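Here is a short tour for anyone meeting this structure for the first time. Have a look at the picture, then read on.

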Amino acid sequence: MSNPLLEIRDLHARVEGHEILKGINLTIHSGEVHSIMGPNGSGKSTLAQVLAGRETYEVTAGEVWMEGKNLLELDPEERACVGLFLAFQYPVEIPGVSTQYFLKAAVNAVRKYRGQDELDAVDFLERIKEKLALVDMDERFLNRALNEGFSGGEKKRNEVFQMAVLEPRLAVLDETDSGLDIDALRIVADGVNRLRGADRAFLVITHYQRLLNYIVPDFVHVLIDGRIVRSGGKELALELEQHGYANYEAGVGV
Amino acid sequence: MVSQQEQSLTPTEHDPLQQWSQSEYKYGFYTDIETETVPPGLNEDVIRLISAKKQEPQWLLDWRLKAYHHWLTMTEPQWPNLHYPPIDYQAISYYSAPKIKKQPQSLDEVDPELLRTYEKLGIPLHEREILAGVAVDAVFDSVSVATTFKGKLAEQGIIFCSISEAVHQYPDLVREYLGSVVPYSDNFFATLNSAVFTDGSFVYVPRGVRCPMELSTYFRINAMATGQFERTLIVAEAGSFVSYLEGCTAPMRDENQLHAAVVELLALDDATIKYSTIQNWYPGDKEGKGGIYNFVTKRGKCQGRNSHISWTQVETGSAITWKYPSCILQGDGSVGEFYSVALTNHYQQADTGTKMIHIGRDTSSTIVSKGISAGFGQNTYRGQVKILKAAENARNYTQCDSMLMGEQCGAHTFPYIEVKNSTARMEHEATTSKIGEDQLFYCNQRGISNEDAVNMIVNGFCREVLRELPMEFAVEAQKLLEVSLEGSVG
C-alpha cells in the first residue's frame, strides 16, 4: 500500500485544562473516505479544529503527519497550503468582502506557497465558474459578501464550493449536515461526491448516519470520550443508527 | 513633508511638541536652513506682519484683526474626548517661510524609512521624488503639469489657485465668500485660523460648468509647503459640478505640530461639490511621542435648491484629530453626505464626525462612519443631526460602525439628534465589532496569512466609504490602511 496521506498517532489535546482528545490513532490514504461518528461532546469537532491548527486547543501529546510533513509544526495557513481543507460547521461572515475576492486571495496564497504564479481576476473567474455548478449556485453568489446574510444551506454550499475551488488533498467536513434540510443535504453531498477521486481523501465528521446515505464512506470510526473505540466499514454506521451510542458509552472507562 | 526644515515652534522644556521636533533631528534634516520666521507668539504686530508679507488689502487685515480680538475672548474647547497636554499658543511661531530651501539632491538623501513607506504604497519612483521634495526635474515637471491643467481649466472659466493668489487676482470673489460659511467667530480653532491663515486653495466654478478633472492639491506641491493654518474656499455656482481631492496619498510628514485648517464650501442651485480627503500626517511614534495635532473646521453650505455636498474622508494620520465636516442644508431639496473612515493605531486619538443641519424642505443627509481602533488608539464618533422647524420632510440615515483590534483600544460614539419637525424621518444604526479570532482562523484555514486577513477584513469593513472615493484614490487609501495597521495583529 502507498504511503498514508494522513497519519494521526496517539493524539492528545485539551482546552482550558480539560482533556478532550485522549489518544487518537487514525490513518487515511489517498482516495479514501473516512467517517467519524460520535455523540455530542465526544471530541469530533475538536479533532477537526486541532487538525486545522486552531490555537484554542493545546496538543499535549502525539503526532500528526500529512504527506511527510509534521502538521503540528505548521501554522494554520501552511496546513491549508499543504492541502488540508476544513469545511466549517459554522462558517464565519466577513462583511464587505465578496466571496469571489476572498477565494481569489485564498487561491493565490496557496499558489504562492507552491511557487506558482498568481492568477489574475479574469483567469480566476474562468476557473471558478464551472465549480459553481457543482453546488447549484449562480454567478451572483460570487459578488455577495462572504456568508453575510446567507441561509444555513447557502453557507454549507459555499464551503463545498470553496473546497472545489481549492482542490485540497484532504478535506475535513465538520458536521456539514447540521442544519440542512433534505434538499440542501443532497446538493451538498452531490458536490462532495463529485470531488471524490484517487488523489483526494475525506474525513467526514457527523453525528447522524443520515449524511452517510449520500456520502458513502469506506471506513467508519466511532469516537467516544476522546478515543476511537471501534472502526469498521460503512455497515457500522447503520448499526449505530439502530442501536445508538449507548453500548459504547457504557463501555467507556472500563 | 520631511524635506521642510522650517521650525514653527520654539521648543520649551517638557513640551511634548518639542519631543517631536527632536525626533526629526535624528534624520539630520534640521540643518542650516535659512528661514524667515517671526518670533514665537501671537499679537497684533504678528498679524500685521503676516498680512504685509502677503501684501494683502486693508479689508483682509481688518478681518484678521477682528478675528484675533475675538479669539482673545475665547477658550479652547474642553468637550472633545481627547487628552493632550495644554498647547502654549504663545510658543508657536505663526509665520515661517523658507528663504532658500535646502532640499535633498537625490533620493539617497531621503529618510530610508519614508522611502520604504512610499514603496509599500506603490507610489511610482518619479512621484516619490516629488513627495520627498527632491530638487530635481520632478518638481519642475509638476509645476508644468499644474500650468497645463490651469490653462485647460481657465478655458472653462474655472479658477483654481492658491488663496493668496486669489486675494490679489479675484479680490471681489474672495471678499464676498471668505467667512461666509465658517465666520471668523465660529470656534476657537477656526477663529485662530482666520487671524493667521497663511495659504490654501481657492476654487471657483462658474454657472453650469462641469469641472472636467479632479482638482487636487497634489499638483500644488509648493502650496503644501506653506504653513499649518491653511484656508480653502470652494464656490460652485448654479448647475456646476466639482470634485476636489485634498491631501496627498503619501505620508505627508508635516513638521508642523499644530494644524488648524478651515475649509468652506458653498453650493448654489443644483450645484454639486464632492470633497475627498486622505489625511496621513505624522501620527507620532509607537510610544505616542510626537505627531500632529489636527484641529480642522470643515463646513459646506448647500445654499441653493437641490444642491449637493458630499464629504469623504480617510483619516489615518495625526496624533490627535478633531474635525467634523458638516453640511448646512439650507436650499430646498438639498443633499448632504458624510462618508468617513478614521483609523487610530498606537496612541492616536480621533474625535471626528459630522453635523447635518436641515433647514430647507425635502432635505436629506447620509452619514456613514467607520472607526477602526488598534493598539492604544481611541476613536470617537461625534455627530449631530438637527432638523429645524421649517425642514418639512427631512430625511437622515446614519450608520456608525466601530471595529476594535486588540484589548487596549477604545471606540466611543456620541450621536446627537435634535428634531423640531414631526415630518422628519430618521434612521440610526450603530455596530461595534471586534476582528474576531473566528474570522482570522477562517481566513488562515483557506491559506490566507494573518496580515492579509486583517487587511481584507478592514477593507471590507470600510468598503461603503472607500467606494465613494475616485478610483485611484480608493486604491491608495486601501494601501494606506494596510500600512497604518502593519503589525497591529500578531
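## Charges over rings

A charge counts as sitting over a ring if NZ of Lys or CZ of Arg is within 6 Å of the ring centre and within 35 degrees of the ring normal. Keep in mind that this is a predicted model.

Chain B offers a couple of cases to look up. Arg446(B) lies over the face of Tyr442(B), with 4.8 Å to the ring centre. Then there's Arg231(B), whose charged end sits over the ring of Phe197(B), 5.9 Å from its centre.

## Rings meeting rings

Aromatic pairs turn up 21 times when all chains are counted. One of them is Phe160(B) with Tyr244(B), an edge-to-face pair with 6.3 Å between the centres and 85° between the planes. This pair links distant parts of the chain: Phe160(B) belongs to strand S3 (residues 159-162) of chain B and Tyr244(B) to strand S7 (residues 241-246) of chain B, 84 residues apart. Are these rings buried or exposed? Phe160(B) has 11% relative accessibility, so it counts as buried. Tyr244(B) is at 0%, so it counts as buried too.

Next up is a tilted pair, Phe295(B) and Trp322(B), at 5.9 Å centre to centre and 50° between the planes. Phe295(B) comes from strand S11 (residues 293-302) of chain B and Trp322(B) from strand S13 (residues 320-323) of chain B, so their contact ties together parts that are 27 residues apart in sequence. Phe295(B) counts as buried because its relative accessibility is 1%, and Trp322(B) is buried with a relative accessible area of 4%.

## A whole cluster

Phe295(B) and Trp322(B) also have company: they are part of one aromatic cluster. Its other members are Trp71(B), Trp79(B), Tyr84(B), Tyr89(B), Phe188(B), Phe189(B), Tyr293(B) and Tyr324(B).

## The sheet in chain A

Over to chain A, where six strands make an open sheet in the order S6-S9-S10-S3-S11-S12, with mixed pairing. Its edge strands are S6 (84-87) and S12 (227-232) of chain A, each pairing on one side only. From one strand to the next, the twist averages 20°.

As a bit of background, strands of a sheet pair through backbone hydrogen bonds, either parallel or antiparallel. Which sense do strand S3 (residues 33-37) and strand S11 (residues 219-224) of chain A pair in? They go for the parallel one, over four bridges. To find a spot on this seam, look for Met37(A), which stands opposite Val222(A) in S11(A).

Definitions and conventions
Residues numbered from 1 in each chain as written. Chains lettered and ligands numbered in written order. Predicted model: local features only at pLDDT ≥ 70, side-chain atom pairs only at ≥ 80, totals over all residues. Heavy atoms only, no water. Pairing = 2+ DSSP bridges. Helix = DSSP H or I, 4+ residues; strand = E, 2+ residues; numbered from the N terminus. Axes fitted to C-alpha atoms, helices over the stretch in contact; angles between N-to-C directions. Phe/Tyr/Trp six-rings, centres within 6.5 Å; stacked < 30°, edge-to-face > 60°. Buried < 20%, exposed > 50% of the residue type's maximum accessible area, 1.4 Å probe, protein only.
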